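Colleague: I should like to learn how to read a model of this kind, one feature at a time. Where should one begin?

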Amino acid sequence: MAQGQANMTQKIVILTGAGISAESGIDTFRSAGGLWEQHRVEDVATPEGFARDPDLVLGFYDARREALAKVEPNPAHHALGRLEREFPGELLLVTQNVDDLHERGGAEKVLHMHGELKSALCMACEMRSPWDAAMIERPPCPVCQAPTLRPDVVWFGEMPYQMERIYAALAECDLFVSIGTSGAVYPAAGFVQEARAQGAATLELNLEPSEGSHYFEESRHGPAGQLVPDWVAEVLGS
Ligand code: OAD
């Protein structure tokens, strides 16, 4: 993206994926051949897997939540925090990640379309509650007291959060940026085409060309910890 174009940009939508958290030490999904932390995705990221073996799934997400305490946001998260504070136009930061590294990197208005590790969803009253503890012992829902909590994570076959808001922002943005995502999972993988159809400029920042790389006007390849701070400095003109 040319400097002049960066200066004219008023509305940006950013989509992030597991690649932005890789340098913080969180495994990406597709790097280990379909396994996620030694588990099959079908076992730990589908409603069917949960119905089959709830203890396995609750224990798995308890471990992922606990592991968050041992990782730190990296320069890419901090750069997006800076962008949120300093960009004078409109910015929507959408993440597929369930970690809290964007927030800890200073971004306060993050849309977690695939849910959050630090949130619980009650299967009885359907309320979402901030959650920091384990779920394996079936603690009561803070709202209705039923012992029916599950991780507030969107599994395969479930509807991601706030799609209407995301599509409305994509329809209006003049720049769509995808960071650290393989472009393998819809609907997020289709955002670039949606933004392009509405006339937005499109930019990919990823370690390597993603599956949807050819849909982007511009692709930059390398680690997010370097590419993202450089791009943010460009947008902010510093
Ligand atoms: P993936 O694991 O599919 O893709 C991660 C992408 O990040 C790959 O294209 C890597 O090349 C890239 N990458 C790795 N290290 C990087 C680095 N240091 N800097 C920049 N890029 C890097 O993860 P997602 O695209 O996020 O969904 O996966 C999408 C969804 O699939 C997830 O949200 C999850 C998963 O199944 C659900 O759980 C519903």
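Modeller: Let us begin with burial: a residue is called buried when its relative accessible area is under 20%, and exposed when that area is over 50%. Please keep in mind that this is a predicted model.

Colleague: Is Gly-212 buried or exposed by that cut-off?

Modeller: Gly-212 has a relative accessible area of 10%, so it is buried. This glycine lies in the loop between E10 and strand E11, the latter spanning residues 218–221. Its C-alpha atom is separated by 32 Å from that of Arg-150, a residue 62 places away along the chain.

Colleague: What share of the residues of the chain counts as buried?

Modeller: Of the 238 residues, 50% count as buried. The accessible surface of the chain comes to about 11,100 Å², and carbon and sulfur atoms hold 52% of that surface.

Colleague: How many helices and strands does the chain have?

Modeller: The secondary structure comes to 10 helices and 11 strands. The radius of gyration is 18 Å, close to the 18 Å given by the globule rule for 238 residues, so the chain is as compact as a globular protein of that length. Along the principal axes, the C-alpha atoms fill a box of roughly 55 × 35 × 35 Å. Among contacts with a separation of 6 or more, 64% are between residues 24 or more positions apart.

Colleague: How should one read a sheet?

Modeller: Strands of a sheet pair through backbone hydrogen bonds, in either a parallel or an antiparallel manner. In this model, 6 strands form an open sheet with parallel pairing, in the order E5-E4-E1-E9-E10-E11. Strand E5 (110–112) and E11 stand at the edges with a single partner strand each, so one side of each has no neighbour in the sheet. With direction ignored, neighbouring strands of this sheet are turned by 20 degrees against each other on average.

Colleague: How many bridges join strand E1 and strand E9, and what packs on this sheet?

Modeller: Strand E1 (residues 11–16) and strand E9 (residues 175–179) pair in the parallel sense over 5 bridges; Ile-14 stands opposite Val-177 in E9. Helix H8 (residues 163–172) packs on the sheet and touches E1, strand E4 (90–95), E5 and E9. The direction of H8 makes about 135 degrees with that of E4.

Colleague: Which strands form the antiparallel sheet?

Modeller: That open sheet has 3 strands in the order E7-E6-E8. Its edge strands are E7 (128–130) and E8, each of which pairs on one side only. The twist averages 45 degrees from one strand to the next. Strand E6 (residues 115–122) is joined to E8 by 5 bridges, with Leu-149 in E8 as the bridge partner of Cys-122. Between E6 and E7 there are 3 bridges, and Ala-120 has Ser-129 in E7 as its bridge partner. In strand E8 (residues 149–153), 5 of its 5 residues are buried. Helix H5 (residues 54–67) lies across E6 and E8, at about 55 degrees to E8.

Colleague: Where is Thr-202 placed, and what does its side chain reach?

Modeller: Thr-202 belongs to strand E10 (residues 201–206). Its relative accessible area is 2%, so Thr-202 is buried. The side chain of Thr-202 reaches the backbone nitrogen of Glu-217 at 2.9 Å. Leaving aside neighbours within four places in sequence, Thr-202 is in contact with several residues, including Leu-175, Phe-176, Val-192 and Tyr-215.

Conventions
Residues are numbered from 1 along each chain as its sequence is written. This is a predicted model: local features need pLDDT of at least 70, side-chain atom pairs count only at pLDDT 80 or more; totals for chains, interfaces and linings use all residues. Side-chain values use heavy atoms; hydrogens and water are left out. Helices (H or I, at least four residues) and strands (E, at least two) are DSSP runs, numbered from the N terminus. Buried means under 20% relative accessible area, exposed over 50%, partly exposed in between (1.4 Å probe, protein chains only). A polar contact is a pair of N or O atoms within 3.5 Å; within protein, one must be able to donate a hydrogen and the other to accept it, and residues adjacent in sequence count only if both atoms are side-chain atoms. Contact means heavy atoms within 4.5 Å. Two strands pair if DSSP finds at least two bridges between them. Axes are lines fitted to C-alpha atoms, for helices over the stretch in contact, and angles run from 0 to 180 degrees between N-to-C directions. The radius of gyration is taken over C-alpha atoms; the globule rule is 2.2 Å times the number of residues to the power 0.38. Accessible areas come from the Shrake-Rupley method with a 1.4 Å probe; for residues, only the protein chains shown count as cover.
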